[in-house]
Amino acid sequence: FNAIEGKSFYNTRPGSGSAWNWPALASDQGYSVSSTPRAGAIASWPAGGIFGGYGHVAIVQSVNSNGSINVSEYNWIRFSYSERNNVSPGGARFIY
């Protein structure tokens, strides 16, 4: 977000920087948070299920006509950068 979009983002609530909490941190800093994805947004999924106790964040590269999203991310594959296509945005909040 900082490097790609040139936007400043930091943890305004020390001890609460997990991925699931990014929408609250973004709101603290005046960013828009929505359930609607768009290219360039940060997707933040809640904790639980496949996202474990921390949730997960990714950058939305594009939105497909069927509502799925294409993302770039780190740690979906442990300790690795990856890109995934046709990801369900279900449950995610989007920061822009």
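Counting aromatic ring pairs in this predicted model gives 2 of them. Take Trp45 and Phe51 to begin with: their ring centres are 5.7 Å apart and their planes meet at 15°, so this pair is stacked. The angle settles the label, because planes under 30 degrees apart count as stacked. If you look for these two side chains in the structure, you will find that Trp45 and Phe51 are both buried.

Phe51 also takes part in a pair with Trp76, and here the arrangement is tilted, with 6.1 Å from centre to centre and 50° between the planes. This contact joins distant parts of the chain, as Phe51 belongs to the loop between strand 2 and strand 3, while Trp76 belongs to the loop between strand 4 (69–74) and strand 5 (81–87), 25 residues apart. Put together, Trp45, Phe51 and Trp76 make up one aromatic cluster.

Trp76 is worth a closer look. Its relative accessibility is 32%, so Trp76 counts as partly exposed. Over the face of its ring lies Arg84, 3.8 Å from the ring centre. Trp76 also joins Ile50 and Ile77 in a nonpolar surface patch of about 320 Å². Ile50, for its part, sits in the loop between strand 2 (42–45) and strand 3 (56–63), and it counts as exposed because its relative accessibility is 68%.

One more arginine is worth finding on your screen: Arg38 lies over the face of Tyr96, at 3.7 Å from the centre of that ring.

Definitions and conventions
Residues numbered from 1 in each chain as written. Predicted model: local features only at pLDDT ≥ 70, side-chain atom pairs only at ≥ 80, totals over all residues. Heavy atoms only, no water. Patch = residues over 30% accessible without salt bridge, like charges linked within 9 Å, V, L, I, M, F, W, Y side chains within 5 Å. Areas by Shrake-Rupley, 256 points an atom, 1.4 Å probe, with all protein chains shown as cover. Salt bridge = Lys/Arg side-chain N within 4 Å of Asp/Glu carboxyl O. Helix = DSSP H or I, 4+ residues; strand = E, 2+ residues; numbered from the N terminus. Buried < 20%, exposed > 50% of the residue type's maximum accessible area, 1.4 Å probe, protein only. Phe/Tyr/Trp six-rings, centres within 6.5 Å; stacked < 30°, edge-to-face > 60°. Lys NZ or Arg CZ within 6 Å of the ring centre and 35° of its normal.
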